[in-house]
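Q: Please zoom in on one part for me, the pocket, and place it within the rest of the chain. Keep it chatty, but spell out the cut-offs.

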Amino acid sequence: MIPRDDYLNFLIHSKDKQIIKVISGIRRCGKSTLFELYKEYLLNNGIEKNRIISVDFEDMDYEELTDYRKLYQYIKDRLLPDGMNYIFLDEIQHVPYFEKTVDSLFIKKNVDLYITGSNAYFIFGEFATLLSGRYIELKMLPLSFAEYCIGNTDNIPVSEKYKLYIENSSFPYILNYDNDEKEIKDYLSGIYSTVLLKDVVARYKIADVMMLESVVKFVFDNIGSRLSITKIANTMTSAGRKIDSKTVEKYLKALIDSMIIYRAKRYNIKGKQYLKTLEKYYVADIGLRYMLLGKRSTDVEHILENVIYLELLRRGYDVYVGQIGDSEVDFVAMNGDGITYFQAAASVRDNETLKRELKSLQKINDHYPKYILTLDDDPTADYDGIKRINALDWLLKK
């Protein structure tokens, strides 16, 4: 198992605290494996095995426990009274009214509770109402490039590993297929179908699956481009797929909730305002994009942008697309320490391209860090405080 240290440390830091630990993320991103790593940590640090209770709701052995009353009784019967019990409920969205069980367990002083789900919907509605302020959420993604390089032990250059990372996939299990394209495509196709049918179609009662897939393909094909709901509807209608804006909005919400795509909203840097139109969309895994669109769709710059966007999320930033005057900054990354600005470019060896990438950052009148991340294998450079660095080096180092 590849160590997922940032995620694991989050759980270790939260251990025994009177708060529910919620791990969300797209299917097969490694949530169950994270539980296994954490349970191993508990066992290695003095927690007895009979104090750990696990239920995986995608395992048929536990199908009866999808009744929330039976689930509660099952766990209650196994709780030891003289110390802390560690409860792991994996893919809890399969349990209707699960929040009632979770709330009843939460109020017990000898329960440390951990739950996962593959659809953001599971922490909306009744869960959010009933348990507001009682949980913390860890948003999990597939492997970072650094984690992928740990798992891929081939003796090849880092640039080749990056190529495999984006073409094959960042889903952890992909590393077991030894770069077998057919097996990888079949595996990704299974993930895609499961997300679409279980987390989107079934949850949102979508009747026109072909139209939904058309929206998915359009968004996947336009990662890193500014899009509006109206623009998507009009473009698809012009191409012979008649769809209205309201339906597009419903489909996008469902896809975002399933965590197969992410939406980056825009931010006016000078006015310090959040903008409501022309967001950008990114996909949770570039391998899924290749699987769906084929190798023809090799937009190197937007793919790099997608990889950087997800990495910024992993590093705990809130990420926006920056607007300053008539210029755009790829990412405005905010956290408790302030703001960092990023431009992503496949190459800036051409002087005109370099000027264009610098122009947006030069307009920003503050002293926060500014970077251009590029695939050029060149030494780091500094342009009056704007640093140009190799994107792969940045992905591998924190």
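A: Helices (H or I, at least four residues) and strands (E, at least two) are DSSP runs, numbered from the N terminus. This is a predicted model, where local features need pLDDT of at least 70, side-chain atom pairs count only at pLDDT 80 or more, and totals for chains, interfaces and linings use all residues. Residues are numbered from 1 along each chain as its sequence is written, and side-chain values use heavy atoms, with hydrogens and water left out.

On to the pocket. The largest one comes to about 1,200 Å³ (the space filled by probe spheres set on grid points joined across faces, edges and corners). A pocket here is an open set of points on a 1 Å grid over the protein atoms alone, where a 1.4 Å probe fits, with protein on both sides within 12 Å along at least five of seven lines; lining residues have an atom within 4 Å of a point. This pocket has 36 lining residues, and K139, Y262, R263, Y309 and L313 sit closest to its centre. Two or more lining residues come from each of α1 (5-14), β5 (135-139), α11 (245-257), β6 (261-268), β7 (273-283), α13 (300-314) and β8 (318-324). The biggest contributor is α11, with 5 residues. By type, the lining splits into 19 nonpolar, 4 polar and 13 charged residues (Ala, Val, Leu, Ile, Met, Phe, Trp, Tyr, Cys and Pro are nonpolar, Asp, Glu, Lys and Arg charged, and the others, Gly among them, polar).

Now follow one of those lining elements, α1: the loop between α1 and β1 (20-24) holds D16. The phi of D16 is near 70°, positive although the residue isn't glycine. D16 has 35% relative accessibility, so it counts as partly exposed (buried is under 20%, exposed over 50%, partly exposed in between, with a 1.4 Å probe and protein chains only).

There's another positive phi at N179, near 65° and again not a glycine. N179 sits in the loop between α7 (158-167) and α8, and is partly exposed because its relative accessibility is 31%.

Carry on into α8 (residues 181-204) and you reach D199, which counts as buried because its relative accessibility is 3%. Leaving out residues up to four places away in sequence, D199 touches R27, S118, N119, T194, Y204 and S258 (heavy atoms within 4.5 Å).

Zooming out, the protein chain has 15 helices and 13 strands. Its C-alpha trace spans about 70 × 50 × 45 Å along the principal axes, and 51% of its 398 residues count as buried.
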